[in-house]
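Grab a pencil and work through these exercises one at a time. Try each task yourself before you read its solution.

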Amino acid sequence: MGKIIAVHSYKGGTGKTLLSVNLAATFAKQGKKVCLFDLDFRAPSLFAILKIQGAECWVNDYLNNNCDINKVLIDLTQRINGKGKLFVGLANPETEAIRDMSAKDRKWEMHALGRLLYLRNALLNDKEFDYLVFDTSPGLQYSSINAIVAADLVAVATTGDRSDVDGTRRMLRELYNLFEKKTGVVINKVLDFNSKNKREELYDRVKNTYQVPLLGIVPCFCDILRAEGSFIFALDKPDHPFSLLLDEMAKKIDANEVK
Amino acid sequence: MSKEDVLGKKPLVILEKIKENLERLNEKMEVFIELQKHDRKDSRQPLSDTPLDVMTLLSMPDHLRKTAMTICRCGRATAEETSQHTTRARAVESAYLNQLVLMGYLKKERKGRKAYFYVERENER
């Protein structure tokens, strides 16, 4: 049976969306059937990154019980060079929709959790998807915690920023652990990664600080900043060091190395 | 119950019936203990009117969260099925499940000999 991966972080700007998109694309490139979901309802961005003009139905509509999940999925398989399949479910970027999602009450959130849990049956069981990747909002947002509860694995994106490190540690202890979630950490935007000493020191520090499996360390690539989100590295630049790191990360997840 | 039933024709059926009755009795005692703990007389009025959402799950004690999470994942399960997921004893799960029902977070429904526990969600699908 397939897996649900929630990509989450304590702070914004840690590279969750970049990681989600490229991880989903990498899985698809490796022959898997994947669906990427934008669950960042406060700041939807996948429609812009993937250059999709509109959707028949948004993830918002699915969670609101207004449509079936099949109407939400957009097939992007033709963008991949490989045997896999890539679909995406987008969050509605209109201001009114963002406002609507921000005003939901606890009952609605509970119902939304039921709808997310139902994806396991509808997509992993019935449609034989290998991976569902949830791109979430940072911090303790209702929608993000729902995504974490529904997921099998949480990939936590973090940086070297002191407040981010502190917040990530707290979330590991007080959120992921409480829900007994398998968790792997991705350290993003790391400077001076080429020096061997620095690399070894960082591995030790990460191990001691978080005490969870390390999914990967991503150096601060100027190419990624320069690209301004205009292309997907895993698909458009498969030989770029970032894409190669993603290949390794996907293999680790696929081999169940995160316990 | 006839003499031949007791002597061997249906001993398994009888034992199962006794087990079932003991389980029901056990459940009733658990409900009674919980009611006494909270100084209440009526089990139909839940302790809480907040839904079983993720924030409620986060604030729960660990032992109840584990049980509640299992029901959230399965949608609907008996104490036996829950215990298979949590790897705790069936009787322990039965106590926790009934406690969650009393707290108003789960619903309980009997179908024949089995009691099913579930989260009530309106317009699920």
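Two residues are in contact when heavy atoms lie within 4.5 Å. This is a predicted model, where local features need pLDDT of at least 70, side-chain atom pairs count only at pLDDT 80 or more, and totals for chains, interfaces and linings use all residues. Residues are numbered from 1 along each chain as its sequence is written, chains are lettered from A and ligands numbered from 1 in the order in which they are written, and side-chain values use heavy atoms, with hydrogens and water left out.

**Exercise 1. Place Asn22(A), decide whether it is buried or exposed, and list its contacts.**

Step 1: Find the element. Asn22(A) belongs to helix H1 (residues 16–29) of chain A. Helices (H or I, at least four residues) and strands (E, at least two) are DSSP runs, numbered from the N terminus.

Step 2: Check the cover. Buried means under 20% relative accessible area, exposed over 50%, and partly exposed in between (1.4 Å probe, protein chains only). Asn22(A) has 2% relative accessibility, so it counts as buried.

Step 3: List the partners. If you skip neighbours within four places in sequence, Asn22(A) is in contact with Ile232(A), Phe233(A), Ala234(A), Phe242(A) and Leu246(A).

Step 4: Look at those partners again. Phe233(A) and Phe242(A) belong to one aromatic cluster, together with Phe221(A) and Phe231(A).

**Exercise 2. Describe the aromatic pair of Phe37(A) and Phe134(A), then that of Phe87(A) and Phe129(A).**

Step 1: Know the rule. Rings of Phe, Tyr and Trp (its six-membered ring) pair if their centres lie within 6.5 Å; planes under 30 degrees apart count as stacked, over 60 as edge-to-face and the rest as tilted. Over all chains, the structure holds 6 aromatic pairs.

Step 2: Take one pair. Phe37(A) and Phe134(A) sit 5.8 Å centre to centre with 75 degrees between the planes, which is edge-to-face. Phe37(A) lies in strand S2 (residues 33–39) of chain A and Phe134(A) in strand S5 (residues 131–136) of chain A, so the pair ties together parts 97 residues apart in sequence. Both Phe37(A) and Phe134(A) are buried.

Step 3: Take the other pair. Phe87(A) and Phe129(A) are edge-to-face too, at 5.4 Å centre to centre and 70 degrees between the planes. Phe87(A) is in strand S4 (residues 85–89) of chain A, while Phe129(A) is in the loop between helix H5 (106–125) and S5 of chain A, so this pair links parts 42 residues apart in sequence. Both Phe87(A) and Phe129(A) are buried.

**Exercise 3. Find out which residues have the most contacts inside the largest nonpolar core.**

Step 1: Define the core. It's a set of buried Ala, Val, Leu, Ile, Met, Phe, Trp, Tyr and Cys residues joined through side-chain atoms within 4.5 Å.

Step 2: Read off the answer. The largest core has 75 residues, and those with the most contacts inside it are Phe37(A), Leu63(A), Ile69(A), Leu119(A), Leu132(A), Phe134(A) and Leu52(B). H5(A) gives the most to this core, with 10 residues.

Step 3: Don't miss the other one. A second, separate core of 41 residues includes Val34(A), Ile80(A), Ala155(A) and Val186(A).

**Exercise 4. Locate Phe117(B) and judge its cover.**

Step 1: Start with the chain. Chain B has 6 helices and 3 strands, and buried residues make up 38% of its 125 residues.

Step 2: Zoom in. Phe117(B) is in strand S3 (residues 114–118) of chain B. With 1% relative accessibility, Phe117(B) counts as buried.
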